[in-house]
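Colleague: I would love a close look at one part of this model, namely how its strands are joined. Could you take me through that slowly, and then show me what lies around it?

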Amino acid sequence: MTASNTPKRRWSLLHGTRPETSFTVGGPSLRGARVLLRPLVADDYDAWLAVRSSCRRWLQVWEPRPAGGKHLAEDRSSFVSRCLGRERERQLGYGFGFGIFADEVFCGEITLSSIQRGPFQSGVIGYWIDEAKAGRGLMPESVVVVLAFAFDSLALHRVEINIVPRNAASRRVVEKLDLRSEGVSLRMLEIDGVWEDHMRFAITAEEWSERGAVLKAEWC
Ligand SMILES: CC(C)(COP(=O)(O)OP(=O)(O)OC[C@H]1O[C@@H](n2cnc3c(N)ncnc32)[C@H](O)[C@@H]1OP(=O)(O)O)[C@@H](O)C(=O)NCCC(=O)NCCS
C-alpha cells in the first residue's frame with residue numbers, strides 16, 4: 001500500500017479528521033475495557049456461524065425482514081459479501097460495522113449505519129450479542145465505545161438507537177446509559193415480518209460533550 005493510499009490518509013481525505021483509533025486492514029479497531037470492536041473479515045466466518053447457529057431464534061425475532069422474506073443468509077459466501085459490502089460502506093463513510101470480541105472471542109455485532117452528512121451529521125446504532133454472553137454489560141460498553149468513535153472521531157452531531165417497545169433487554173441498554181427518549185415512531189421498521197413501532201433514543205454532540213467523559217469512565 002502506498003503512503004498516499006493508507007487507511008488513515010483515505011480517512012483524512014474523506015472526513016477531514018483523524019480518528020483516535022488504530023486501523024486494521026479492514027478499518028478501525030476500537031477498544032473498551034473488555035471489548036474489542038473491529039470489522040469482521042472472511043476468516044471470522046466459522047466463529048460468526050457458530051454463534052448465529054446457537055442463538056438463531058434469539059436473534060431472528062428482532063431482525064429486519066419483510067413478511068414472507070428470507071432470514072439472513074448464513075452461508076460463507078453471503079457472509080463474505082456482507083463483509084465486503086461493509087468495507088465499501090466504510091470507505092464511503094456511510095456506515096461502520098464491527099464484530100464484538102471479548103477475551104478475543106467473537107460474541108456479537110454492533111453497527112453505526114445510515115450515516116448522513118450535510119446538515120444532518122447523524123447515524124443509527126444497531127446491535128446484537130450472543131445469548132450465552134448476555135447480561136454482562138458488554139453491549140452498553142460497546143455502545144459507549146461506538147458513541148466515542150461517532151462523536152470524537154467522525155464528528156457526528158447526533159446518534160440514535162431505535163427499539164421495539166417489548167424488547168426489554170435492549171431498553172435496559174439505553175436506560176443504563178441514560179440516553180434521551182424521544183418518543184415512539186409508529187410502524188417504523190419491518191421486524192421479522194411485522195411493521196413495528198419503535199421507541200427512539202438519541203444523544204447529540206452537545207450532550208456527549210457534557211456526559212461523554214463520565215460514560216467512558218463508567219463503561220470503558
Ligand atoms: C439487547 C442486547 C443486545 C443486550 O445486550 P447485553 O450485553 O446482554 O446487555 P446487558 O448486559 O446490559 O443486559 C441488558 C438486559 O438484558 C436482560 N438480560 C440479561 N441476560 C439475559 C438473558 N440471558 N436473556 C434475556 N435477557 C437477558 C436483563 O434485563 C439486562 O438488564 P439488567 O442488567 O438490568 O438485568 C441482547 O439482549 C441481544 O442481543 N438481544 C437480541 C437481539 C436484540 O434484541 N438486538 C437489539 C435490537 S434493538
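Modeller: Happily! Two strands pair if DSSP finds at least two bridges between them. Helices (H or I, at least four residues) and strands (E, at least two) are DSSP runs, numbered from the N terminus. This is a predicted model, in which local features need pLDDT of at least 70 and side-chain atom pairs count only at pLDDT 80 or more, while totals for chains, interfaces and linings use all residues. Residues are numbered from 1 along each chain as its sequence is written.

The protein chain has seven helices and nine strands. Let's begin with β9, residues 194-204. Six bridges pair β9 with β7 (residues 158-163), and the sense is antiparallel. To find this pairing on your screen, look for N162, which stands opposite R200 in β9. β9 also runs antiparallel to β8 (residues 180-191), with seven bridges joining the two. There, I191 has V194 of β9 as its bridge partner. Two residues separate β8 from β9, and together the strands form a hairpin. One residue in that turn, D192, has a positive phi of about 45°.

Now move to β4, β5 and β6. β4 (residues 96-102) pairs with β5 (residues 105-116) over seven bridges, in the antiparallel sense. Here G97 is partnered by T111 in β5. These strands form a hairpin with two residues between them, and D103 in the turn has a positive phi of about 50°. β5 then pairs with β6, again antiparallel and over seven bridges. In this case I110 has Y127 of β6 as its bridge partner. Five residues lie between β5 and β6 in their hairpin, where G118 in the turn has a positive phi of about 60°.

What packs against β9? The buried residues of α7 do, and they also pack against α5 and α6. Those buried residues are W208, L215 and W219. "Buried" is a count: 20 or more other C-beta atoms within 10 Å of the residue's own, with exposed meaning 12 or fewer, partly exposed in between, and C-beta atoms placed from the backbone. In the protein chain, 31% of the 220 residues count as buried. α7 also has a kink of about 55°, centred on R211; the bend is the angle between axes fitted to the seven residues ending at a residue and the seven starting there.

Just follow the chain into the segment after α7 and you reach C220. C220 counts as partly exposed because it has 16 C-beta neighbours inside 10 Å. Leaving aside residues up to four places away in sequence, C220 touches G32, A33, E141, V144 and V145; contact means C-beta atoms, placed from the backbone, within 7 Å. C220 is also 78 residues from S142 in sequence, yet their C-alpha atoms are 8.6 Å apart. Across the protein chain, 60% of the contacts between residues at least 6 apart in sequence join residues at least 24 apart.

Finally, look at the ligand. It is surrounded by 22 residues, the closest being A134, G135, M139, A169 and R172. The elements giving two or more residues to this shell are α3 (56-60), β6 (122-129), α5 (138-153) and α6 (168-177). The largest share, six residues, comes from α6. For this shell, a residue is near the ligand if its C-beta atom, placed from the backbone, lies within 6 Å of it. That brings us back to the strands: β6, which pairs with β5, is one of the elements around the ligand.

How values were computed
Contact = placed C-beta atoms within 7 Å.
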